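Colleague: Let's go through this model together. I will ask, you reason from the coordinates.

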Amino acid sequence: MTWTIRIFVILLFLTKAEFSLSQTGRDKVEALRVEFISKSLELTNSEYEKFWPVYNEYNDKIRAIRKNLRHGYRNKTDDLSEKEAEQLYYLFVQSKQAEADVHKQYNEKIKSIIGAKKTVKLHVAEEEFRMKVMKSIKGDSD
């Protein structure tokens, strides 16, 4: 095996290991999020079964919109032409509008499943969970 192939195999292994590690971390956070939100909302079995597919679909759509926006900004430098800056500006505005549309559409669906009171509790639980994750990343504990 030549050195080039060995180095390629090692890099491939390291890339795959890093991906698996980060995927495991995401899976843990996702599992903690499901547990935290389910506990906070005190979902009945019926609500749980209807809520999570809709809520996950909602989050997938928001992530896709944000990923598209990040992709648009990727590899952009300060030396943008006015035309390129204008295109990024409209991508940003369109992305924020798309997010608002998804929020409105899915919050109505979620409200029809769990009611207005639990939908409001969901917003609070999402923020509390986000704060817990941020504290955990910073190394704080409560």
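**Patch, core and salt bridges**

Colleague: Which helix gives the largest share of the nonpolar patch?
Modeller: Bear in mind that this is a predicted model. The patch covers about 490 Å² and is made by Tyr73, Tyr89, Tyr90, Phe92 and Val93. Four residues, the largest share, come from residues 82–138, which is helix H3.

Colleague: Where does tyrosine 73 lie?
Modeller: Tyr73 is one of the residues that make the nonpolar patch. With 39% relative accessibility, tyrosine 73 is classed as partly exposed, because that value falls between the cut-offs of 20% and 50%. Its place is residues 45–73, helix H2.

Colleague: Which residues of the largest nonpolar core touch the most other members?
Modeller: The core has 18 residues. Helices H1, H2 and H3 each supply at least two of them. The members with the most core neighbours are Ile37, Leu41, Phe51, Tyr55, Tyr58, Ile110 and Leu122.

Colleague: What does isoleucine 37 touch, leaving out residues up to four places away in sequence?
Modeller: Isoleucine 37 is among the core residues that touch the most other members. Its contacts outside that sequence window are Phe51, Trp52, Tyr55, Leu122, Ala125 and Glu126.

Colleague: What is the phi of glutamate 42, and is the residue buried or exposed?
Modeller: Most residues other than glycine have a negative phi. Glutamate 42 has a positive one, near 50°. Its place is the loop between helix H1 (3–41) and H2. The relative accessible area is 58%, over the 50% cut-off, so glutamate 42 is exposed.

Colleague: How many salt bridges does the count come to?
Modeller: A pair counts when a side-chain nitrogen of Lys or Arg is within 4 Å of a carboxyl oxygen of Asp or Glu. By this rule the count is eight.

Colleague: How many residues apart are glutamate 30 and arginine 63?
Modeller: Their side chains form a salt bridge, 4.0 Å from N to O. Glutamate 30 is in helix H1 and arginine 63 in helix H2, so the pair links distant parts of the chain. At 25% and 43% relative accessibility, glutamate 30 and arginine 63 both count as partly exposed. The separation in the chain is 33 residues.

Colleague: What separates arginine 63 and aspartate 60 in helix H2?
Modeller: The two side chains meet in a salt bridge at 3.2 Å, N to O. Aspartate 60 is partly exposed, at 45% relative accessibility. Because the two are three residues apart in helix H2, the separation is about one helical turn.

Colleague: Is glutamate 99 buried or exposed?
Modeller: Glutamate 99 forms a salt bridge with arginine 66, with the closest N and O atoms 3.0 Å apart. That pair links helix H3, home of glutamate 99, with helix H2, home of arginine 66. Arginine 66 is partly exposed at 40% relative accessibility. Glutamate 99 has 6%, under the 20% cut-off, so it counts as buried.

Colleague: Which residues are joined into one network by salt bridges that share partners?
Modeller: Arginine 63 pairs with glutamate 30 and with aspartate 60. The network joined through shared partners consists of Glu30, Arg33, Asp60 and Arg63.

Key. Residues numbered from 1 in each chain as written. Predicted model: local features only at pLDDT ≥ 70, side-chain atom pairs only at ≥ 80, totals over all residues. Heavy atoms only, no water. Patch = residues over 30% accessible without salt bridge, like charges linked within 9 Å, V, L, I, M, F, W, Y side chains within 5 Å. Areas by Shrake-Rupley, 256 points an atom, 1.4 Å probe, with all protein chains shown as cover. Buried < 20%, exposed > 50% of the residue type's maximum accessible area, 1.4 Å probe, protein only. Core = buried A, V, L, I, M, F, W, Y, C linked by side-chain atoms within 4.5 Å. Contact = heavy atoms within 4.5 Å.
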